[in-house]
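Here are a few notes to read alongside the model. Take them one at a time, and keep the picture open while you do.

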Amino acid sequence: MAKNPGNYTRATSYGAAKYVKKVDYDKETGEILTASSVLDIDEEKIREEKALDGYYMLLTSEMETSDDEIIDMYRGLWRIEESFKVTKSELEARPVYVWTKEHIETHFITCFVALTIARILENKLERKYSIGTILESLSKAECSLIQQNYYLFDYYDEVLKDIGRVTDIDFGKRIRTLGEIKKVLAKTKSRKNTMKI
């Protein structure tokens, strides 16, 4: 670059121009604006940055928090980012087909509650399955009316077996009466306040 500054494009010069003396470049695009006739590599700038190789700086306003706690918080950011991804993809928070303020807020609170329940389930399953896998199996656990008062549950897999183990719900029973289904729902409602998170 020092020998032929005019030959470099934004893509090839991005980041490199800061190590060359006497070059004016756009810091956002990396485009060389003007170059003097004599260019040289800025060895001092390279030494300064080399001294910081292997270090990563974290800025925080949490002055009372210990260094280890700050690092743990930073390392946990991926969970927050993953939660946004899950909410947008698996829980289909977007696109939103409602337009009043109340409906939009209700839509997002429903997504948030669903994400919370999914995270609790993921933790109870000791992270054996991703939230996407859990939701996929649960969405397939539906039933069809086969005759009056009898319903057929025609899907069962290892994920549902494990969910059943931690929730005390037998997903493996294929045929149930409406009364049995209501008992399962009543049982889960009565346990909701005693469930340990």
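The points below go through the sheet, then a ring, then two pairs of helices.

1. Before anything else, keep in mind that this is a predicted model. Everything that follows describes that prediction.

2. Start with the sheet. It is open, has three strands in the order 3-4-5, and the pairing is antiparallel. Strand 3 (143-147) and strand 5 (175-177) sit at the edges with a single partner strand each, so each has one side without a neighbour in the sheet. On average, neighbouring strands here are turned by 35 degrees against each other, direction ignored.

3. Now zoom in on one pair of strands. Strand 4 covers residues 150-153, and four bridges join it to strand 3 in the antiparallel sense. If you want one bridge to look for, try cysteine 143, whose partner in strand 4 is phenylalanine 153.

4. What sits between strand 3 and strand 4 in their hairpin? There are two residues between the strands, and asparagine 149 in this hairpin has a positive phi near 75 degrees. Have a look at the backbone there.

5. Phenylalanine 153 deserves a second visit. Arginine 176 lies over the face of its ring, 5.7 Å from the ring centre. Don't go hunting for aromatic pairs, though: the structure has zero of them.

6. On to the helices. Two packed helices are described by the angle between their axes and the distance between the axes. Helix 4 (residues 77-88) packs on helix 5 (residues 101-124) with the axes 10 Å apart and an angle of about 120 degrees. Those two helices are therefore oblique to each other, and their crossing is right-handed.

7. Which residues of helix 4 and helix 5 meet? From helix 4 come Arg79, Glu82, Ser83, Val86 and Thr87, and across from them in helix 5 are Cys111, Leu115 and Arg119.

8. Compare that with the next pair. Helix 6 (residues 131-140) and helix 7 (residues 158-167) cross at roughly 95 degrees, and their axes come within 9 Å. That makes helix 6 and helix 7 roughly perpendicular to each other. Their contact brings Thr133, Ile134, Ser137 and Leu138 of helix 6 up against Val159, Leu160 and Ile163 of helix 7.

Notes:
Residues numbered from 1 in each chain as written. Predicted model: local features only at pLDDT ≥ 70, side-chain atom pairs only at ≥ 80, totals over all residues. Heavy atoms only, no water. Pairing = 2+ DSSP bridges. Axes fitted to C-alpha atoms, helices over the stretch in contact; angles between N-to-C directions. Phe/Tyr/Trp six-rings, centres within 6.5 Å; stacked < 30°, edge-to-face > 60°. Lys NZ or Arg CZ within 6 Å of the ring centre and 35° of its normal. Parallel < 35°, antiparallel > 145°, perpendicular 65-115°, else oblique. Left-handed = near helix turned anticlockwise from the far one by under 90°. Contact = heavy atoms within 4.5 Å.
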